[in-house]
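Trainee: Could you show me how to read pockets in a protein model? I'd like the general idea and then the real case.

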Amino acid sequence: MSTEGLAGTTAYGIPYGMARSGPGGAAHTIGFELAFPHPLESVWAAVATPAGLRGWLAAADPFEPGPGGAVTLHWWNGEPAAGADGPQELATPGRITAWSRRRLAEYTVDARGSFGFTLRGSVDDDHTRVRFRNDFTADAGRLHEVLARWHEHFELLQNELRGQPTDWAARTAERFTALRDDYVRRC
């Protein structure tokens, strides 16, 4: 499956992601090209610090910055566990596999594969470009789900950069479902 031809952005201003699958359809690479009207330091803090990650992606504890550093991401999947009132947490341990201060942060964690952020911008500029890539192995049927999940997280990142961190307890699956359906229609 390839979604390289997807163009445009959603109503939230995040461009659609692209995907490629390897032979056999089990290995996948997805990517997003993002631009944020925020300085490099702010975007770096959001993608490469525990406080920043918590506001849009996942709690990070432990978080040892630098190549080889331990990281465990505590994701909220938006669905309550059986008998629970709020969203369920999923902890995924891993390592920081690439790191270059203010430029590159890459993580490899269980069940998510490797994903990284390459930032472009200058300290004097109020705009930052982000190239995102996620390499993972999964059934080809999950590709739309993964694209939609990352897309939703980038909408949350946009809000985090505006000073509106995610209220994980109030989050529902509605936006994810709409995005997944949109990716299915577009591919």
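Trainee: By class, how many nonpolar, polar and charged residues are in the lining of the largest pocket?

Mentor: The idea comes first: rolling a probe the size of a water molecule over the atoms shows where empty space is left. Here a pocket is an open set of points on a 1 Å grid over the protein atoms alone where a 1.4 Å probe fits, with protein on both sides within 12 Å along at least five of seven lines, and lining residues have an atom within 4 Å of a point. In this lining you'll find six nonpolar, five polar (Gly counts here) and seven charged residues (Asp, Glu, Lys and Arg). Keep in mind that this is a predicted model, and totals for linings use all residues. Residues are numbered from 1 along each chain.

Trainee: What is the volume of the largest pocket, and which residues are closest to its centre?

Mentor: The largest pocket has about 320 Å³ (space filled by probe spheres set on the points). Of its 18 lining residues, Thr29, Ile30, Gly31, Phe132 and Arg133 are closest to the centre.

Trainee: Which element gives the largest share of that lining?

Mentor: That's S2, with five residues; strands are DSSP runs of E, at least two residues, and helices are runs of H or I, at least four.

Trainee: And what about the second largest pocket?

Mentor: That one holds about 260 Å³. Among its 16 lining residues, Arg112, Arg142, Glu145, Val146 and Arg149 are closest to the centre. Helix H3 (143-161) is one of the elements supplying at least two lining residues, and the largest share, five residues, is from H3.

Methods. Predicted model: local features only at pLDDT ≥ 70, side-chain atom pairs only at ≥ 80, totals over all residues. Heavy atoms only, no water.
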